[in-house]
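Got a minute for a quick tour? Here is a friendly walk through one protein model, taken piece by piece.

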Amino acid sequence: MADRDAGTAGRTPAGRDAELSWLAARLSAGAPRESSVVVLRGRAGIGKTSLLDAALAARSDTVVCRSAGVAGDGAAASRGLLAALREAGAPVADPEPEPDAFAAWYEDFAAWAAGKPGIVVAVDDVQWCDEPTLRWLSLLARRATRLPLRMVLVRSAADGPAGAAERLSDLESWYGTEVLDLGPLPASAVAALAREAVGSEPGERFVRHCVEQSGGNPLLLREMLDELRKVAAGVAPVAGSAAGSALIRSLFAGVPGYARTVATAVAVLGGQDLSMVARLAEVPVRTAATAVEVLRSQHILAADGLAFRHDPVRDGLLGAVEPAELNRLRRTAATLLSDAAGSPEEVAEQLLELDTLEPWMADLLRDAARSACDRGAPWDAVRYLRPAAAACPADAGLAVQLAETVALLEPAGGFDLLLRALDLQRDPAERARTAVKLGRLALVARRCGAAVTVLESALSELGAEADPQLRVSLEALLCLVGIEDRDSLPKLGARLRPGDDVVDAGHLAVCAVVAALDGARSRQSAEWAIRAIRGYDPIADDSAVSATVLALLLADEVDVARDELSRVIELVPAQRSEYLAFRGLLGHWCGDLTAAAADAGQAYALGRRADGRTGGVVPRIALATVVAQQGDVAKAAELLREADSPQLWEHTVMRPWFQLVDARVHWASGDLDTALALFRRCGESLDEVGIGNPLLAPWWFEAACLLADDGRFDAAADLAAEGTGPALRWGTPRAVGMARLATAVATPGDDRIGLLEEAAAILAGSPARLEEALAEFQLGRTLVEAGDTAAARARLRRAAELSLRSGDRRLLHRAQQTAAEAGIPSQVKATATLSPAERLTAGLAGRGVSNRVIAERLFVTVRTVETHLTSVYRKLRITGRAELAAALDQTDDGRPGVLGGVR
């Protein structure tokens, strides 16, 4: 239900001036179109709808189409919006859930909307919308960024069906969405409303009491003040506690004693059935029923059910009961609920109020905690477990349960509690199982050094009769955690068994990543990583994912790595931020900066809400990597400052990569000396932990390019030679191509052209699009210097096309500048910005093939087709499928476009 009674439509809600100005600015016709979705969130009655009413009242030049979600009818909002659009004159029919049908629907809508000065699509109680409605809203928001359209979604923070928050997360985390969380009213606003209610200046104590009793909720506050006005006028008794205990006493002054006893029982039990209330009040059921009617007639209880009209009345009533008596009532209530097979959480709420707990109560609190975790509320589970653990300090199982639950909210705190739980355990097998949990948590809490010590101890304590699978799990986890510990990584080789003899997925992942970091067996490393993927279940344990993906990345098995990351992003929501960041780095690795920026940006947004496996380090570094490559040096520097933390300096892999990106930023800023020093420090960091792979953080390649650009060819040649040996040993086309390119840029004179041609040809056979573009640029620039502008033209054009397609604006600018200085006209076509997959998709769509058929022909999902087309529209600067054929038909110089031959 929308909280419309929290204020008056069109009137500025009290105490909401700043929020109203913020919302009005985003709904104005001149607001930037990048922020096209606004989400208003807050508790029921907090004034969300009133705020929207006031903001819309000032938009006389805006077409407002408004609807509301309805509990039990998930499609109500979409029906209401479509009816409002038709009423406004939009020629739209009911859109079908199929993407093709939506595209046709959107074309009609866009043609109508383009001529309007402003359109607001508003949905109250969006949490009640079903999946198709939210999908439709999401598609509309993403497609309408060029239209004068704003979407406002009003959401109650604690309302809605199960899974509502997850369904809304796609819209709320979109880069074009801004969220406004409405909190309680400030004391000044409460005073203003109280002044309006009583007709005079309220006292400070009265205002403070109103704030405490209403919690700053406008709806509750207005109802309380309305009741005060009725009392002052002699119209009706008070149904609230705005004036404190004195009013509570007057409220019950005319109520029989048995009715107050029943009211107290209702306050203790909550909304239980009448027979339970009668048993707690120790009165017959008929007497309890009579008492309820009396309480309703006095406006103390709600007209339906056993609930108070206002929580402050309930709280005041309980506050008037003597502590010992209240403790007896709660203990009795807990026993009654337990005997009646009430839910564990209902009983637990009673137990939490007791001073002491009996053993059976601790067991019940543990059951309640499991129930809370099952419904996705670990914070409630922690509330139940803490008093249980305090009552049973020697219970190791309870200590482990508390630690695991705390870890869901605060990994570092859960890690410390698991260490304490280990001290309570004596059985080696139990200690080993807890050590496994601690090792997995160490990857999240960044406590790998301490975990290595515990895992080694647990492994040494296991006897020969221990479960072999438990031993294998301990050994694999010890290696996985050791990879993340700077002191343990050099020792891993001694702990590993040969990968060909291993069947455990975790151990295979370790073999794969150790071989990859060693930089000697690329093919074997990839094979082990692929076998590991087939053997583990990321839902049960995702500790091997990062190691496996890193091995595949370094071996240039990028398609397998991307598929695995996409899989775990969906299956492991708790680590979605980290895995999105890794997929962003993978996109950068493959030269797809558009996809990389989308993944890294979403990872960064998620990481700011909750810590990921590396405390937000990976998302920040991933986004810094991408934006630095795109030329936004200032933003990259800011992100690196955010990432610079103690967690980073304990990170084996991300620390040298951080130093590499930091050096790139200084290089782009013109600070060559600092950049060169950082490149060398990156190499030292790799040596300190024994990482020999030349691609993990290719400082030698970057530093050689920097020195060559600065004319220091001898120093550049030394670094190229230093990296060439490890690169040839690793042997992937990327590694070999980068070694050849580093040697080429460090070679002055006529020999450089042949070396650059060789490097470009090798890199063309790898996923290294950024490095291939750099090789083509260097070759084009060298040919210009040699006076061969005809050959240079083709190379610079190829470099510009690759840079456009990848989104590398810095290299694109350099290629265009070099061509312009040489008098070579630019012939880069708009279609050159498209990736191969986008070209195929666009070519088929331009000839009228439906999205579903395109998906079947290209063996991808319909959603992937939609994503490609959205990217195509943005790159070609068109609004939809209707313009696609014309955009693809011809290039800028009138010749058939590069997509013209797609079949």
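What follows goes from confidence to cores, then to a cavity, some helices and two single residues.

**How far to trust it**

Keep in mind that this is a predicted model. The average pLDDT of the protein is 82, and 87% of the residues score at least 70. Residues 231-244 are a weak spot: pLDDT is below 50 there, although the stretch has 32 contacts in the model beyond near neighbours in sequence. Residues 611-615 also stay under 50, and the model gives them 14 contacts beyond four places in sequence.

**The nonpolar cores**

In soluble globular proteins, nonpolar side chains tend to be buried together. Here, the largest nonpolar core has 124 residues, and Leu554, Phe679 and Leu741 have the most contacts inside it. Helix H25, residues 505-518, gives the most to this core, with 11 residues. Another core lies apart from it and has 85 residues, including Ala281, Ala288, Leu364 and Ala403.

Back to Leu741 for a moment. Setting aside residues up to four places away in sequence, Leu741 touches Phe701, Leu756, Ala759, Leu763, Glu771, Leu774 and Ala775.

**The cavities**

How many cavities of 30 Å³ or more does a search of the whole structure find? There are four. The largest cavity has a volume of about 450 Å³, and 26 residues line it. Nearest its centre lie Ser546, Leu550, Phe582, Val653 and Met654. Helices H23 (468-483), H27 (545-554), H29 and H34 (654-668) each supply at least two residues of that lining. H27 has the largest share, with six residues.

**Two helices side by side**

H29 supplies part of that lining, and here it is next to H3 in a small table.

| Helix | Residues | Number of residues | End-to-end C-alpha distance | Expected span |
|---|---|---|---|---|
| H29 | 576-589 | 14 residues | 20 Å | 20 Å |
| H3 | 76-87 | 12 residues | 17 Å | 16 Å |

For H3, the distance agrees with what 1.5 Å a residue should give. For H29, the reach is close to the expected value.

Why is H29 described as largely enclosed by the rest of the structure? Because 12 of its 14 residues are buried. Among them are Tyr579, Leu580, Phe582, Leu585 and Trp589. Phe582 is also one of the residues nearest the centre of the largest cavity. In H3, the buried residues are Ala76, Ala77, Ser78, Leu81, Leu82, Ala84 and Leu85.

Each helix is followed by a glycine with a positive phi: Gly591 after H29, near 80 degrees, and Gly89 after H3, near 105 degrees.

**Two residues to look up**

Is Ser36 buried or exposed? Ser36 is buried, with a relative accessible area of 3%. Its place is the loop between helix H1 (17-27) and strand S1 (37-42). Not counting residues up to four places away in sequence, Ser36 touches Ala141, Thr145, Leu149, Arg150, Met151, Trp174 and Gly176.

Ala760 sits in helix H39, residues 751-764. Ala760 counts as buried because its relative accessibility is 3%, under the 20% cut-off. Leaving aside neighbours within four places in sequence, Ala760 is in contact with Glu772, Ala775, Glu776 and Arg795. Take Ala775: it is 15 residues from Ala760 along the chain, and their C-alpha atoms are separated by 5.3 Å. Ala775 is also touched by Leu741, one of the residues with the most contacts inside the largest core.

Technical notes:
Residues are numbered from 1 along each chain as its sequence is written. Side-chain values use heavy atoms; hydrogens and water are left out. Helices (H or I, at least four residues) and strands (E, at least two) are DSSP runs, numbered from the N terminus. Buried means under 20% relative accessible area, exposed over 50%, partly exposed in between (1.4 Å probe, protein chains only). Contact means heavy atoms within 4.5 Å. pLDDT is the predictor's confidence in each residue, from 0 to 100. The expected span of a helix is 1.5 Å times one less than its number of residues. A nonpolar core is a set of buried Ala, Val, Leu, Ile, Met, Phe, Trp, Tyr and Cys residues joined through side-chain atoms within 4.5 Å. On a 1 Å grid over the protein atoms alone, a cavity is a set of points where a 1.4 Å probe fits but cannot get out, and a pocket is an open set with protein on both sides within 12 Å along at least five of seven lines; lining residues have an atom within 4 Å of a point. Grid points are joined across faces, edges and corners, and a volume is the space filled by probe spheres set on the points.
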